[in-house]
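User: Could you take a close look at one part of this protein with me? I'd like to follow a single residue outwards into its surroundings.

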Amino acid sequence: METVSALRVKSLYKVYGNRADKAAEILRNSPDRDEKLAGLPVTAAVVDANFEVKRGEIFVVMGLSGSGKSTLIRMLNGLLPPTYGTVEVDGVDITKLKPAALRKLRREKMSMVFQHFALQPHRSVLDNAGYALEIAGLPRAERREKALEALRMVGLDGWADKLPQELSGGMRQRVGLARALAAGTDIMLMDEAFSALDPLIRREVQDQLIGLQAELGKTIVFITHDLNEAMRLGDRIAVMRAGRIVQIGTAEEILTDPSNDYVAQFVADVDRTRILTASAVMERPLGVVDVNSGPRVAARVLRETQTSAVYVTGRGKQYLGTVTADAATQAVRDGRKDLREIVSTEYVRTVEDTTPVADIFAPCAESPAPVAVVDADGRLAGVIPRITLLSALGSLSSDADEGSTTPEPTHAADPAPTGDAMPTGDTLPTGDTLPTGDTLPTGDTLPTGDTLPTGDGTGTAPAGNGPAATPEVPAQAVAEPSARMTGEPA
Ligand SMILES: Nc1ncnc2c1ncn2[C@@H]1O[C@H](COP(=O)(O)OP(=O)(O)OP(=O)(O)O)[C@@H](O)[C@H]1O
Ligand SMILES: [Mg+2]
């Protein structure tokens, strides 16, 4: 286990303006600090930021235009000196470094990818990709080799000799990515790196980044004002508002447990079915029998729980399949003793605990008894009755309906197109990954009483910190999320 985080930020402030130090002091020490600042000609762009980025993590900083994201990321590599606080890179406080040492650190440890690629128009794709290495003084042959390798990683092998203007926007962005990769630094800082791309290309590049990250294990700080991008990429997400980090957590934590109304409103529009996984909605299975217990026990549990199938586990809760009431009864009649002979993996569908909720609708609709959820080691983690899935989705949808207002007006700050500042429909996950009407278990396919595991038919709240379930789910609430997505190509 690594003990030193890749990045550690403590009590970090950046105030722009003439009386910056004074303002930062007020912000740090005074309870009614914001009012006291009113008289000073300053902008408090980052206020008391505290976080760590683990090695190999994609840490996303998300917030509306003007919330301080770029200011924050520029302090991480020392491009901008903080007004107060410390930034540690691999345990070294870079705010104390001399300019030369800082440049060396940037060269060796962190590279930055910008929104507008910052490619040099008269240099070939290859030379652009190898630019950081040229600055670092590497010999030409070595530069070429590393740049070509980086271009290969981003799928641009054949384009080395072209000029940037001969490339599409998405390809140019990938040259920017290749340049950061060729530099070979462990840490990559990406400021709105994909924001200029149209939604489909953007998704492609996101996928590529996720793939590269898995392969190379880079530590990435990724800035975006797009919520869905944040949710897709981030291992953890920091939400910024007016200079302050108001919440840090996984996508799921932020969705299910927003720290305040602002975050709740911000995330109201996200497609939760892509973020929440089976483990967030599953329940404790009622009828579980050990494979060594025999058909009689299975039959008894079936009677007691009034279910149509019991879940059979072996050594270490390994999930083996289900035994139906019919099979158990027949086995008892025939005098058979071994449950193994009648366990089936056909009757009930199985999903993994990491499966997004969106991908559980079909198995749930097809499965006559609650879908079995297994973990990475094949153990039975829980089950998902249809009613639970519908209830969870119902509560998610109603959240979304309440929160469709804009959290705050966007600053008309520089490069970001203002219309972009909120998560918009065009950046949402595309149709291919969404539950469409025909696979949704809508009203007409609702489970009937005899296949319901809970007996009382109300559907209990999902275990743990999952969203609360509501018993009544209008069919249109279920179909609602797909409405926005229609027409999105795969
Ligand atoms: N060099 C500067 N001098 C004075 N004020 C600045 C400067 N740079 C940024 N600001 C102000 O600091 C605040 C935060 O700006 P910043 O660029 O960090 O926001 P951002 O979250 O990156 O926004 P965007 O999404 O539009 O890029 C804004 O109010 C901005 O006007
Ligand atoms: Mg910015």
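Leaving aside neighbours within four places in sequence, which residues is I237 in contact with?

Analyst: Happy to help, and please keep in mind that this is a predicted model. Setting aside the residues within four places in sequence, I237 is in contact with V60, M62, A230, M231, Q247, I248, G249, A251 and I254.

Let's place that in the interior. I237 is one of the residues with the most contacts inside the largest nonpolar core, a distinction it shares with M190, F222 and M231. That core has 51 residues, and helix α8 gives the most to it, with 7 residues. Apart from this core lies another one, of 28 residues, and its members include L7, L72, V221 and A238. As a general point, nonpolar side chains in soluble globular proteins tend to be buried together.

Now a short step along the chain. V239 lies in strand β9, which covers residues 236–241. With a relative accessibility of 1%, V239 counts as buried, because the cut-off for that label is under 20%. Not counting residues up to four places away in sequence, V239 touches M62, R244, I245, V246, Q247, I254, Y262 and V263. M62, Q247 and I254 appear in the contacts of both I237 and V239. G249 is among the contacts of I237; its C-alpha atom is separated from that of V239 by 8.7 Å, and these two residues are 10 apart along the chain.

Since α8 came up as the main contributor to the core, its packing against α7 deserves a look too. Helix α7 spans residues 140–153 and helix α8 residues 169–182; they pack at an angle of about 130°, and their axes are 8 Å apart. The two helices are therefore oblique to each other. The crossing in which α7 passes α8 is right-handed. On the α7 side, K146, A147, A150, L151 and M153 make the contact, meeting A178, L181 and A182 in α8. By type, these contact residues divide into 7 nonpolar, no polar and 1 charged.

Finally, the whole protein, for context. It has 19 helices and 16 strands, and of its 490 residues, 51% count as buried. Among contacts between residues at least 6 apart in sequence, 68% join residues at least 24 apart.

Definitions and conventions. Residues are numbered from 1 along each chain as its sequence is written. Chains are lettered from A and ligands numbered from 1 in the order in which they are written. This is a predicted model: local features need pLDDT of at least 70, side-chain atom pairs count only at pLDDT 80 or more; totals for chains, interfaces and linings use all residues. Side-chain values use heavy atoms; hydrogens and water are left out. Axes are lines fitted to C-alpha atoms, for helices over the stretch in contact, and angles run from 0 to 180 degrees between N-to-C directions. Helices (H or I, at least four residues) and strands (E, at least two) are DSSP runs, numbered from the N terminus. Angles under 35 degrees count as roughly parallel, over 145 as roughly antiparallel, 65 to 115 as roughly perpendicular and the rest as oblique. A crossing is left-handed if the near helix is turned anticlockwise from the far one by less than a right angle, and right-handed if clockwise. Contact means heavy atoms within 4.5 Å. Ala, Val, Leu, Ile, Met, Phe, Trp, Tyr, Cys and Pro count as nonpolar, Asp, Glu, Lys and Arg as charged, and the others, Gly among them, as polar. A nonpolar core is a set of buried Ala, Val, Leu, Ile, Met, Phe, Trp, Tyr and Cys residues joined through side-chain atoms within 4.5 Å. Buried means under 20% relative accessible area, exposed over 50%, partly exposed in between (1.4 Å probe, protein chains only).
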